[in-house]
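Trainee: I am new to this structure and would like a close look at a single part, with the rest brought in afterwards for context. Could you take me through it slowly?

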Amino acid sequence: MPRAMLYAMAKKTAHDDLLAPVTLAVGQEELLLDRAVQEVVAAARAADADTDVRDLTSDQLQPGTLAELTSPSLFAERKVVVVRNAQDLSADTVKDVKAYLGAPAEEITLVLLHAGAAKGKALLDAARKAGAREVACPKMTKPADRLAFVRQEFRATGRSATPEACQALVDAIGSDLRELASAVSQLVADVEGTIDEAVVGRYYTGRAEASSFTVADRAVEGRAAEALEALRWSLATGVAPVMITSALAQGVRAIGKLSSARGGRPADLARELGMPPWKIDRVRQQMRGWTPDGVADALRAVAEADAGVKGGGDDPAYALEKAVVAIARAARSRGRG
């Protein structure tokens, strides 16, 4: 899915009346499905605080149940009927839903949650043909989509976060959207002003692998001061020095591999070099300023740090600081005479 079409609560169609007779939420991303339901319920309760909400699984919606739930009330109350896993409805119940789609009841909003696969496709097609408001809730399998999600989460709160902070959060948290959304909420609640990478590091650097790679990323980008700050914080929070030397080695080797590879599409280079495509894009950005001599110097610095960390020196922290400075200097070698 194009990133421009991502929205924090999922992508909407042009028909976006939250109180439309039928909302169809399609996909398998649980957070987005839940938000699609929450949006409709919130809009209904804003229109009528006494709105009755019925949230049903597919096995709870038996033949005749929908007619019962949507029959006229003496009190003309507003109602939201949510049907989860609609692709699993029985054939007889699907007939009921299709019949309802042709003549939906007033003051009632039906929300169908459908996985979007081939199973139950007839119901999916019928809802679309009936003009249902549709919300796409796909699994976000690509790092770029999760990054766009985090950026939108911050925008939705009216808060500013740097691109580096958003990337650091995705790197630290991983692929779970609920955890990412929760992390954004925590940062917004606890931190004033613009949220930057250092702030994210303070909160989530306990994830040792993420903090190690933050040190390496800043070093190979030539940002010595930021790399040293990240290094000191990592060591202070108990990250093993050997993890940091490993991350530094991987960062420099990635620069060397990509700089010696022939040009090509990220997918082709990913197969050739054994890196995921998203990492190819990142390393391409990081390798500006590097030369073959710079890579050689940086690898020597990593080797010296590795020896120092593993017992060849008295002060592992100093060995790592020395390596970080040498790598950052090597990253800017193209501009030196």
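Trainee: In which loop does Ala130 lie?

Mentor: Please keep in mind from the start that this is a predicted model. Ala130 lies in the loop between H4 and E6, where H4 is the helix of residues 121–129 and E6 is the strand of residues 133–137. With a relative accessibility of 46%, Ala130 counts as partly exposed, because that value falls between the 20% under which a residue is called buried and the 50% over which it is called exposed. Ala130 can also be placed relative to Ala103, since the two are 27 residues apart in sequence and their C-alpha atoms are 9.5 Å apart in space.

From there we can look at some other loops of this part of the chain, beginning with the one between E5 and H4, which holds Ala115. Ala115 is partly exposed as well, at a relative accessible area of 23%. In sequence Ala115 and Val26 are 89 residues apart, yet from C-alpha to C-alpha they are 5.6 Å apart. When neighbours within four places in sequence are set aside, the residues in contact with Ala115 are Gly27, Gln28 and Gln87.

Before E5 comes the loop that joins H3 to E5, and this is the place of Glu107. Glu107 has a positive phi of about 65° although it is not a glycine, and at a relative accessible area of 38% Glu107 is partly exposed. Such a phi deserves a remark, because most residues other than glycine have a negative phi. Another case is Asn85, which is likewise not a glycine and has a positive phi near 50°. Asn85 sits in the loop between E4 and H3, and its relative accessibility of 40% makes it partly exposed.

Thr57 belongs to the loop between strand E3 (52–56) and helix H2 (65–69), and at 31% relative accessibility Thr57 counts as partly exposed. The partner to look for here is Arg84, for although Thr57 and Arg84 are 27 residues apart along the chain, their C-alpha atoms are separated by 4.8 Å.

Turning from the loops to the interior, you will find that the largest nonpolar core has 39 residues, and that Phe149, Val150, Phe154, Leu169 and Ile195 are those with the most contacts inside it. At least two residues of this core come from each of H1, E4, E5, E6, H5, H6, H7 and H8, and the largest share, eight residues, is supplied by H1. This core also draws at least three residues from each of domain 1 (22–137) and domain 2 (146–205). Apart from this core lies another, of 29 residues, among them Val215, Val309, Leu320 and Ala331.

Within the largest core, Phe154 is a good residue to select on screen. Not counting residues up to four places away in sequence, Phe154 touches Arg159, Ala161, Cys166, Leu169, Val184, Leu187, Val188 and Ile195. Two of these, Cys166 and Leu169, are among the buried residues of H6, a list that also includes Ala165, Ala168, Val170, Ala172 and Ile173. Just after H6, Gly174 takes a positive phi of about 100°.

The helices H1 and H7 also meet one another, and their axes come within 8 Å and cross at roughly 65°. On the H1 side the residues are Glu30, Leu31, Leu32, Asp34 and Arg35, and on the H7 side they are Leu177, Arg178 and Ala181. By type, the residues of this contact divide into four nonpolar, no polar and four charged.

Further along is Arg218, which has its place in helix H9 (residues 208–220). Arg218 counts as buried, with a relative accessibility of 7%, so it falls under the 20% limit for that word. Leaving out residues up to four places away in sequence, Arg218 touches Glu197, Arg223, Glu226 and Ala227.

To set these places in the whole, the protein chain has 15 helices and six strands, and of its 337 residues 44% count as buried. Among contacts between residues at least 6 apart in sequence, 76% join residues at least 24 apart. The accessible surface of the protein chain comes to about 16900 Å², and 51% of that surface belongs to carbon and sulfur atoms.

Definitions and conventions:
Residues numbered from 1 in each chain as written. Predicted model: local features only at pLDDT ≥ 70, side-chain atom pairs only at ≥ 80, totals over all residues. Heavy atoms only, no water. Core = buried A, V, L, I, M, F, W, Y, C linked by side-chain atoms within 4.5 Å. Buried < 20%, exposed > 50% of the residue type's maximum accessible area, 1.4 Å probe, protein only. Helix = DSSP H or I, 4+ residues; strand = E, 2+ residues; numbered from the N terminus. Domains from an automatic or database assignment. Contact = heavy atoms within 4.5 Å. Axes fitted to C-alpha atoms, helices over the stretch in contact; angles between N-to-C directions. Nonpolar A, V, L, I, M, F, W, Y, C, P; charged D, E, K, R; others polar. Areas by Shrake-Rupley, 256 points an atom, 1.4 Å probe, with all protein chains shown as cover.
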